[in-house]
Amino acid sequence: MDSRTLLQRKSISVTDYRCNAGPDDEPFTEVHGSYSVAYVRRGSFGYRTRGESFELVAGSFLTGRPGDEFLCTHEHHACGDECLSFHFTREYLDALDLPGAHGGGWQSRGVPPLPDMMVLGELAQHSAEGANNVALDEIGTALAGRVLAISGRSPKPAGKTARDRSRAVRAALWLDEHSHEPVALEDAARDANLSAFHFLRLFARVLGVTPHQYLVRSRLKRAARLLSADDRSITDIAIDVGFNDLSNFVRTFHRAAGVSPRGFRCAARGDRKILQERLSLA
């Protein structure tokens, strides 16, 4: 595991993690040292904690509570994973003054790819790369707010076999790779050697979202990255990530991010008014 500290302050820190572990590497028990939320920007891994199991793919999030033991596994993907991780003190969360902020609402678990959090994750990634003018601690505040807002509302992971988990993870990796192309449910099901009906049920049971939701959110994730660092027109970006209709792209992006694609681009370039409005919704 390679790690690099990007921000270090008394109440919040940000670390870039790059893991090269694969199916042949033996997992070992670790312990969360802080309240944390990590954005999975590439790859996949399994996360086991407190008797629950989660499969995390690109766009997912992992939240950790200090003192909780956990285990990361890599039996379904040989290329490792990359995460951008935010760490907070208890005092920092208390100061947010949000429901659940006083410690109890923050749990160790995997969070499925949620569109508004994915967009924030991509904004954070570009901020870490110095490609925009947004401060990492501002994005960390927004992410912490979203974690607390959804605390306790996501269903617990359903039981699934190792084969189910492997098929779902590989399908998600395939969808993420092909998201810029026209993709039908039957295409992804065929790649997984399943009927469309069984593929839909398996994917949703393992990853917490349907294949179509994951496909659209993968496109939004790529769009956020391009809007943050690319000067091409919004129309060109919409087409490049897989949306054939500009109005549908604008509507879908606005619903996910809380701002229009143009507004998001302005926020990525330092428009504090737009950013503060977005943070107030966390």
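**Exercise 1.** Decide whether Arg 50 is buried or exposed in this predicted model.

*Solution.* Step 1: take the relative accessible area of Arg 50, which is 58%. Step 2: compare this with the cut-off, since exposed means over 50%. Step 3: Arg 50 is therefore exposed. Step 4: place the residue in the chain; Arg 50 is found in the loop between strand S4 (35–49) and strand S5 (52–57). Step 5: look at the backbone. Most residues other than glycine have a negative phi. Arg 50 is not a glycine, yet its phi is positive, at about 50°.

**Exercise 2.** Find where Asn 193 lies, and state whether Asn 193 is buried or exposed.

*Solution.* Step 1: the flanking elements are helix H5 (185–191) and helix H6 (196–207), and Asn 193 sits in the loop between them. Step 2: its relative accessible area is 65%, so Asn 193 is exposed. Step 3: Asn 193 has a positive phi, near 60°, and is a residue other than glycine.

**Exercise 3.** Compare the span of helix H7 with the span expected at 1.5 Å a residue.

*Solution.* Step 1: H7 covers residues 211–229, which is 19 residues. Step 2: the expected span is 1.5 Å times one less than the number of residues, which gives 27 Å for H7. Step 3: from the first C-alpha to the last, H7 reaches 28 Å, close to that expected value. Step 4: turn to its surroundings. Of the 19 residues of H7, 14 are buried, so the helix is largely enclosed by the rest of the structure.

**Exercise 4.** Describe how H7 packs against helix H9 (residues 246–257).

*Solution.* Step 1: the axes of H7 and H9 are 11 Å apart, and the angle between the helices is about 90°. Step 2: angles of 65 to 115 degrees count as roughly perpendicular, so H7 is roughly perpendicular to H9. Step 3: list the residues that meet. H7 contributes Val 216, Leu 220, Ala 223, Ala 224 and Leu 227, while H9 contributes Phe 249, Thr 252, Phe 253 and Ala 256. Step 4: sort these residues by type; eight are nonpolar, one is polar and none is charged.

**Exercise 5.** Summarise the whole protein and the confidence of the prediction.

*Solution.* Step 1: the secondary structure comprises eleven helices and nine strands. Step 2: the protein has 282 residues, and 54% of them are buried. Step 3: the mean pLDDT is 85, with 88% of residues at 70 or more. Step 4: among the elements, helix H8 (residues 234–241) has the highest mean pLDDT, 96, and helix H11 (residues 272–279) the lowest, 57.

Notes:
Residues are numbered from 1 along each chain as its sequence is written. This is a predicted model: local features need pLDDT of at least 70, side-chain atom pairs count only at pLDDT 80 or more; totals for chains, interfaces and linings use all residues. Side-chain values use heavy atoms; hydrogens and water are left out. Helices (H or I, at least four residues) and strands (E, at least two) are DSSP runs, numbered from the N terminus. Buried means under 20% relative accessible area, exposed over 50%, partly exposed in between (1.4 Å probe, protein chains only). Axes are lines fitted to C-alpha atoms, for helices over the stretch in contact, and angles run from 0 to 180 degrees between N-to-C directions. Angles under 35 degrees count as roughly parallel, over 145 as roughly antiparallel, 65 to 115 as roughly perpendicular and the rest as oblique. Contact means heavy atoms within 4.5 Å. Ala, Val, Leu, Ile, Met, Phe, Trp, Tyr, Cys and Pro count as nonpolar, Asp, Glu, Lys and Arg as charged, and the others, Gly among them, as polar. pLDDT is the predictor's confidence in each residue, from 0 to 100.
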